[in-house]
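Subject: Structure for your files

Hello,

Here is the structure I said I would send. My notes follow below it.

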Amino acid sequence: MAFPPEEYPAACRDMLIEYSEHVQRLGQILFTLLSEALGLNPAHLTDMGCMDGHFFLCHYYPACPEPNRTIGHGKHCDPDFLTILLQDHIGGLQVLHEDQWIDVHPQEGALIVNIGDLFQLISNDKFKSVEHRVLAKSEGPRISLACFFTTHFQPSNKLYGPIKELLSADSPPLYKETLTKDYLNSFCYLGLDNDSPLDLLRL
Ligand SMILES: O=C(O)CCC(=O)C(=O)O
Ligand SMILES: [Fe+2]
């Protein structure tokens, strides 16, 4: 976790620390599988530092009296390597697939795993980050907990660009290198419902 335990709210501190340990273990499995899926050594993504840090965003969406006039959470791709998301039973999360918004129906006990922009960048587009949003709902409140694997809150001078082993004459690098914290800054600068910060790094 990126912050010392005292900085977490006392009401959920122990739970969050325990959950963080579980998510770290799951992240390890996922990054191993994703390394293999890219034809790399199983430890490649871990060795690159993809899981050197993670942090949580805890979302609280109040019930909305006029859900058609607003949105819960605007369209975006996550500015990290990988996100593990826990949503409750209310629903409203949608992913954009072939220009259509598709509902991600809540399923008890299920976690949602999203590829983030930094993973799209290092995989040189072999994996694509997913655009998603959350609709406002008249039922609620809705609560979700997103865990982002990235190091942008930690001091790190590591530059991330397309993984060299994935490049060839037929597959030249598609992106410039970036620091994780610079990538987050671009994401925050552009805001939600806007162009992707990946476009700023495209060669
Ligand atoms: O609340 C959700 O289900 C999604 C939240 C989200 O997309 C995010 O925190 O990046
Ligand atoms: Fe997101």
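Helices (H or I, at least four residues) and strands (E, at least two) are DSSP runs, numbered from the N terminus. This is a predicted model, in which local features need pLDDT of at least 70 and side-chain atom pairs pLDDT 80 or more, while totals for chains, interfaces and linings use all residues. Residues are numbered from 1 along each chain as written, chains are lettered from A and ligands numbered from 1 in the order written, and side-chain values use heavy atoms, without hydrogens or water.

The sheet: four strands, in the order E1-E8-E3-E6, make an open antiparallel sheet (strands pair if DSSP finds at least two bridges between them). Strand E1 (54-61) and strand E6 (112-115) each have a single partner strand, so one side of each has no neighbour in the sheet. Strand E3 (residues 82-87) is joined to E6 by four bridges, and isoleucine 84 has valine 113 in E6 as its bridge partner.

Helix H1 (residues 13-37) lies across E1, E3, E6 and strand E8 (142-149), at about 130° to E3. Contact here means heavy atoms within 4.5 Å; axes are lines fitted to C-alpha atoms, for helices over the stretch in contact, with angles from 0 to 180 degrees between N-to-C directions.

The ligand: polar contacts are pairs of N or O atoms within 3.5 Å. Oxygen atoms of ligand 1 lie 2.6 Å from a polar side-chain atom of histidine 59 and 2.8 Å from an N or O atom in the side chain of arginine 142. E8 gives the most to the shell around ligand 1, four residues.

Regards

Methods:
Polar contact = N/O pair within 3.5 Å; in protein donor to acceptor, adjacent residues only side chain to side chain.
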